[in-house]
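Colleague: Please take a close look at one part of this model for me. I would like to hear about the aromatic rings and then the ligand site.

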Amino acid sequence: MTDEPVHLVAVIGAGPAGLFAARALAATGARVVLLNRDVKPGGLAEYGIFLNKYKMKGGLRRQFQKILTDPRITYLGHVTIANKGDLTVQDLAGMGFDALVYAIGAQGTKYLGVEGERLPGVYHAKDLVYHYNRLPPFSERPFPMGRRVAIVGVGNVMVDIANYCAHFTDCEEIIAIARRGPFEKAYDDREFEDVEDAFDHALYREEIARIRPRLVAAGQDPDELLAALATKPEPLPRARARLRFRFLASPKRVRAEGGRVVGLEVEENRLERKGDRIVAAGTGELSVIPADTVVFAVGDRVDEAAGLPYKDGLYLTVPGEDPAAAYQVLDPAAGTAQSGVFVVGWARRASDGVVGRARLDAETGIKHVASYLASLPKRPAAQAEQAVESLRRTLAERGAAVVDYDAVQRLEAAEKARAAADNVEEFKFRSDREMLDAIRS
Ligand SMILES: Cc1cc2nc3c(=O)[nH]c(=O)nc-3n(C[C@H](O)[C@H](O)[C@H](O)COP(=O)(O)OP(=O)(O)OC[C@H]3O[C@@H](n4cnc5c(N)ncnc54)[C@H](O)[C@@H]3O)c2cc1C
């Protein structure tokens, strides 16, 4: 590190957006403190990307390691910034950082308002994904999966949940439920390859026959779907479960008997063209899809309890055409930007795209942060170091068990040693307590 004067910036959240934001900031010469709720960095790259995508996760971890060993970046893990966190948004605002960049992802749950959505046996995809990827506290709670799992939504997260059900549970039937039709599916075909072995072609053909008149009425050609299916060889089933689709169905109510889920009541839809969009319109006809587990995979919203100005599932940014405005957090009382407070990644646009997109969003956001910083005086490097130490002291006084990057590396070494001893590809401790113990020993 040099003695050159610096700007001091806090990035909150060490998922892909926060990590790439930190790297872009450090490249401008800024001194960066990276605060992260989880013990380990990576966010959904560590705790979202599917269980056995070891190569992809390994590649990302190596990129993150390079960022986190940059001497201009200090990682402080296991620190939550929230109304009831180790620090509040107001605490941070009063600590004299030149800018604050929130990259805390979309941690809130999107409820559709369907009756029974909070019953046992009904899950929201993010919680289940965090559970099987071993993120505390979700890793410590049981998420029992039944034999017939209804998944609401047809995006890539549905594919991951279907993959989990088909290959890691005793599930026998997986029903992916879509409000609209097969032409409006949101998952990528490449991702779907992971569940092809469970995909039941005969049941798909039956479903296309069932909805054929409604597709034709919307000007769509069902035979295109059948022709595409015919190009795929009928899979040799490796999965225990079979995967089917139920199109043109909006969930209305989770049905339960004696406190146990028995099905999902849906309303049949038809398709209507609105301009260049195809929308679903209810027909009033209700039916029940038998299921003992329901998973909502319909995207997430940001966490209202973090303490940033919030409305309708998003943090408020400055309205207007200025490209920088969309990254600046709004002061709702003044109607202008909160000076020096920015938001990037899924915290800015909940559930929006893959790691590459979060990275691009962070890098674009940091260009705007850099223009903002250009108008501010820098401070001597030694003063910035004192500010970082003072933040550490404040956290210690508040009883936070802060985990720095050296500690994360010790933890990762302990997990690698366990994986080797157990002869498995990957091992993760289940709770924060176990992780902290492993770091100490
Ligand atoms: C199930 C699933 C599977 C996916 N699979 C893939 C895939 O295969 N390939 C791919 O490229 N992309 C995949 N993605 C998308 C990818 O994970 C996201 O694009 C990316 O992780 C978003 O990055 P982010 O940093 O904005 O948010 P996140 O990754 O959510 O990171 C947010 C970070 O903020 C921290 N944080 C949260 N709240 C606070 C707080 N209050 N205080 C302090 N820190 C906080 C968290 O600890 C976390 O580290 C998947 C996503 C999901 C949900």
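Modeller: Here are the rings, followed by the ligand and its surroundings.

This is a predicted model, in which local features need pLDDT of at least 70, side-chain atom pairs count only at pLDDT 80 or more, and totals for chains, interfaces and linings use all residues. Residues are numbered from 1 along each chain as its sequence is written, and side-chain values use heavy atoms, with hydrogens and water left out.

Start with the rings. The whole structure holds 19 aromatic pairs. Rings of Phe, Tyr and Trp (its six-membered ring) pair if their centres lie within 6.5 Å; planes under 30 degrees apart are stacked, over 60 edge-to-face, and the rest tilted. Tyr-132 and Tyr-164 are a stacked pair, at 4.4 Å centre to centre and 25 degrees between the planes. This pair links distant parts of the chain: Tyr-132 belongs to helix H5 (residues 125-132) and Tyr-164 to helix H6 (residues 156-168), 32 residues apart. Helices here are DSSP runs (H or I, at least four residues), numbered from the N terminus.

Tyr-164 also pairs with Phe-168. Their ring centres are 6.3 Å apart and their planes at 15 degrees, so this pair is stacked too. Both residues lie in helix H6, 4 residues apart, about one turn of the helix.

Burial comes next. Buried means under 20% relative accessible area, exposed over 50%, and partly exposed in between (1.4 Å probe, protein chains only). Tyr-132 and Tyr-164 are both buried. For Tyr-164 the relative accessibility is 10%. Phe-168 is partly exposed, at 39%.

Elsewhere, ring pairs join Tyr-187, Phe-192, Phe-199, Tyr-204, Phe-245 and Phe-247 into a cluster.

Now the ligand. It is surrounded by 32 residues, and the closest are Asn-36, Asp-38, Leu-44, Trp-346 and Gly-353. A residue is near if one of its heavy atoms lies within 4 Å. The side chain of Asn-36 has an N or O atom 2.8 Å from a ligand oxygen. Asp-38 also has a side-chain N or O atom 2.8 Å from an oxygen of the ligand. At Val-354, a polar backbone atom lies 3.2 Å from a ligand oxygen. The protein covers 94% of the 1,000 Å² of accessible area that the ligand has on its own. Those areas come from the Shrake-Rupley method with a 1.4 Å probe. Helix H1 (16-27), helix H2 (44-47), H6 and helix H10 (355-374) each give two or more residues to the shell.

Technical notes: A polar contact is a pair of N or O atoms within 3.5 Å; within protein, one must be able to donate a hydrogen and the other to accept it, and residues adjacent in sequence count only if both atoms are side-chain atoms.
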